[in-house]
Amino acid sequence: MSRGQTWTLEGVAASVLVLGAVVFILQSSVITPLSASTTNQYLEERQQELATDVLSGAASEGELREALRYWNDGDRVFHGADETGYASGAALAARDIRLGDTLTDAFDGRGITYNVYIRSPVPEEPPASMPAGTGRYGSESQSLVYQGVPSDSAVSASTHVTLYDGDVLLDSDGDETTTRLDNADFYADEAADGDDTIYTVVEVQIVAWQS
């Protein structure tokens, strides 16, 4: 065999080896990008975690109790807000209410839209078929922050806060007034009728979605 033929065979063999290696690599490397549904699920889980963390931290720091009592009972709105509440956490923060800063830090920089609702029990008259004194409860909702209609992929988290008869409203500067909840024109009715301590228990809910 001539030297030229030898080089030709070596070249063919090398080409076969390289081609085989490429085929092996392509077969063993499976590329699986995240699907849209998987990405959306991750975002929703993250948003729910944020909402839960916000409520947990705000409750432990007393921020929720402060915001809940920042109520103008003369105009029946939160101070400086309209009937739907504040347009953002920043608007609440501008009034030196700490919950506003917490909401802003958690959601605004991440492009997350959110509403904050306060739900309270409303005593209703029992129907005639029920024994006297049985009672039942409906519910009423008050917006603290409202940024629009939630999307279909919105998530929510909630916590409960106990309000007491002796709790007082805050004025527009955030200072305590002398107006007790049981004497105020408050957004939440007194549910614990006959109890000299507890006024009611409200549910604070955050509904969040990607902008």
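**A walk through the predicted fold, starting at D96**

Let me begin at the surface, with D96, which counts as exposed because its relative accessibility is 62%. Before going further, I should say that what you see above is a predicted model, so please hear every value that follows as computed from that model. D96 sits in the loop between helix 4 (89-93) and helix 5, and its phi is positive, about 65°, although D96 is not a glycine. For background, most residues other than glycine have a negative phi. R76 is another non-glycine residue with a positive phi, in this case near 55°. R76 is placed in the loop between strand 1 (71-72) and strand 2, and with a relative accessible area of 38% it is partly exposed.

From D96 we can step inwards, since D96 is one of the residues in contact with E66, alongside I97, R98 and L170, once the neighbours of E66 within four places in sequence are left aside. E66 belongs to helix 3, and here the question is whether E66 is buried or exposed. With a relative accessible area of 15%, E66 is buried, because the cut-off for that word is under 20%. Its partner L170 is 104 residues away from E66 in sequence, yet the two C-alpha atoms are 7.9 Å apart in space.

Now to the overall layout. The protein has five helices and eight strands, and read from the N terminus they follow the order α-α-α-β-β-α-α-β-β-β-β-β-β. Of its 211 residues, 32% count as buried, while the exposed area comes to about 12,300 Å², of which carbon and sulfur atoms supply 51%. If we take the contacts between residues at least 6 apart in sequence, 70% of them join residues at least 24 apart.

What lies inside? As a general point, nonpolar side chains in soluble globular proteins tend to be buried together. In this model the largest nonpolar core has 41 residues, and those with the most contacts inside it are L103, F107, L144, F186 and I206. Among the elements that give two or more residues to this core are helix 2 (36-60), helix 5 (98-107), strand 3 (112-124), strand 4 (136-145) and strand 8 (198-210).

Helix 5 deserves a closer look, and its buried residues are L99, G100, L103, A106 and F107. Seen down the helix axis, these buried residues fall within an arc of 140°, so they line one face of helix 5. Two of them, L103 and F107, are touched by I206, which, not counting residues up to four places away in sequence, also touches A51, V54, L55, Y114, N115, V116, V155, S156 and A157.

One name in that list, N115, leads us to strand 3. N115 is buried, with a relative accessible area of 0%. Which backbone atom lies 2.8 Å from a polar atom of the N115 side chain? It is the backbone oxygen of G148. G148 is also among the residues that N115 touches beyond its sequence neighbours, a list including V145, Y146, Q147, P150 and W209. Q205 is on that list too, and Q205 lies in strand 8, where it counts as buried at 13% relative accessibility. Seen from its own side, and leaving aside neighbours within four places, Q205 is in contact with N115, V116, Y117, R119, S156, A157 and S158.

Finally, the aromatic rings, of which the structure holds eight pairs. The rings of F78 and Y187 have their centres 5.6 Å apart and their planes at 50°, so this pair counts as tilted. The pair links distant parts of the chain, 109 residues apart, with F78 in strand 2 (residues 77-78) and Y187 in the loop between strand 7 (176-180) and strand 8. F78 and Y187 are both buried. Y187 also pairs with F186, again in a tilted arrangement, at 4.1 Å centre to centre and 35° between the planes, and both of these residues are buried. Ring pairs link W71, F78, Y86, F186, Y187 and Y199 into a cluster, and F186, as you may recall, is one of the residues with the most contacts inside the largest nonpolar core.

Technical notes. Residues numbered from 1 in each chain as written. Predicted model: local features only at pLDDT ≥ 70, side-chain atom pairs only at ≥ 80, totals over all residues. Heavy atoms only, no water. Core = buried A, V, L, I, M, F, W, Y, C linked by side-chain atoms within 4.5 Å. Buried < 20%, exposed > 50% of the residue type's maximum accessible area, 1.4 Å probe, protein only. Helix = DSSP H or I, 4+ residues; strand = E, 2+ residues; numbered from the N terminus. Contact = heavy atoms within 4.5 Å. Areas by Shrake-Rupley, 256 points an atom, 1.4 Å probe, with all protein chains shown as cover. Polar contact = N/O pair within 3.5 Å; in protein donor to acceptor, adjacent residues only side chain to side chain. Arc of directions from axis to C-beta. Phe/Tyr/Trp six-rings, centres within 6.5 Å; stacked < 30°, edge-to-face > 60°.
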